[in-house]
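Open the model in your viewer and show side chains as sticks. This tour goes from one aromatic contact to the next.

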Amino acid sequence: MITVRCFAAVREILGYDTRKLAPSDTLQRASDVLNAVAGPRIADLPRPLLVAINCEHAALTSPVHDGDEVAFFPPVSGG
Amino acid sequence: MIVRLQTEDFDPEHEAQALGVKGAGARVSFVGTVRDMAADRTITALDIEHYPEMTKAEIMRIGAAALARCALLDVLIIHRHGHLAAGDRIVLVVTWAAHRKTAFRGCEEIVDALKTRAPFWKKEITDQGDIWVPGEIPAP
């Protein structure tokens, strides 16, 4: 399974913080995962949208594999 | 290097004194606090959300990079999350180095990296409603 995590404004817009997706040939990259979980609400998400895979910063073009945790969130504001 | 995430407050001087760092001729401390005003709005509190499984690992990566790049002797980073009031301390970054320039540079690099890489998101509770603080966009 692929675990999807959403934070901050992304979580509020999509309405959940965690989802599980069955791996499939159509889920090759983080952008495919985003399309699968956001659907038409993708247009409402903050831009730029950041991605982490397995708790490390990644890109929408990064490859995704079975067992990965893929997180989507707005630009961060630590400190 | 010590990295801590917590909801409770910290005493910056007590935390910095707790680490005895051999060879240090300089210690630089940065304390970030919750602003009470921004533009035309009054801020009463700040809700800080984070990505618990990633945050500590990412801050460790930030600290390790600064240790190596700036010839620091040691680093302490404490970051709070949860509900904080205006004026509360949010973050403490302390760097130790043989000399002041590297201690200053290392501290600034860490604070800058926290802004763009550490997975925290801040929501201001203000007299004009709740507002997500725009994050900083990392350099490509």
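Start in chain B of this predicted model. Select B:Arg89 and B:Phe10: the charged end of B:Arg89 sits over the ring of B:Phe10, at 5.9 Å from the ring centre.

Next, turn to ring–ring contacts. Over all chains, the structure holds four aromatic pairs. Select A:Phe7 and A:Phe73, whose ring centres are 6.5 Å apart. Their planes stand at 70°, which is over 60 degrees, so this pair is edge-to-face.

Now colour chain A by secondary structure. A:Phe7 is in the loop between strand S1 (2–6) and helix H1 (8–14), while A:Phe73 belongs to strand S5 (residues 69–73), so their contact ties together parts that are 66 residues apart in sequence. How buried or exposed are the two partners? A:Phe7 has a relative accessible area of 5% and is buried. A:Phe73 is buried as well, with a value of 0%.

Keep A:Phe7 selected and add B:Tyr51. Here the ring centres lie 4.4 Å apart and the planes meet at 35°, so the pair is tilted. This contact crosses between chains: its chain B end, B:Tyr51, lies in the loop between strand S4 (41–50) and helix H2 (52–69). A:Phe7 and B:Tyr51 are both buried.

Finally, add B:Trp121 to the selection. Which residues do ring pairs link into a cluster? The members are A:Phe7, A:Phe73, B:Tyr51 and B:Trp121.

Methods:
Residues are numbered from 1 along each chain as its sequence is written. Chains are lettered from A and ligands numbered from 1 in the order in which they are written. This is a predicted model: local features need pLDDT of at least 70, side-chain atom pairs count only at pLDDT 80 or more; totals for chains, interfaces and linings use all residues. Side-chain values use heavy atoms; hydrogens and water are left out. Rings of Phe, Tyr and Trp (its six-membered ring) pair if their centres lie within 6.5 Å; planes under 30 degrees apart count as stacked, over 60 as edge-to-face and the rest as tilted. Helices (H or I, at least four residues) and strands (E, at least two) are DSSP runs, numbered from the N terminus. Buried means under 20% relative accessible area, exposed over 50%, partly exposed in between (1.4 Å probe, protein chains only). A charge sits over a ring if NZ of Lys or CZ of Arg is within 6 Å of the ring centre and within 35 degrees of the ring normal.
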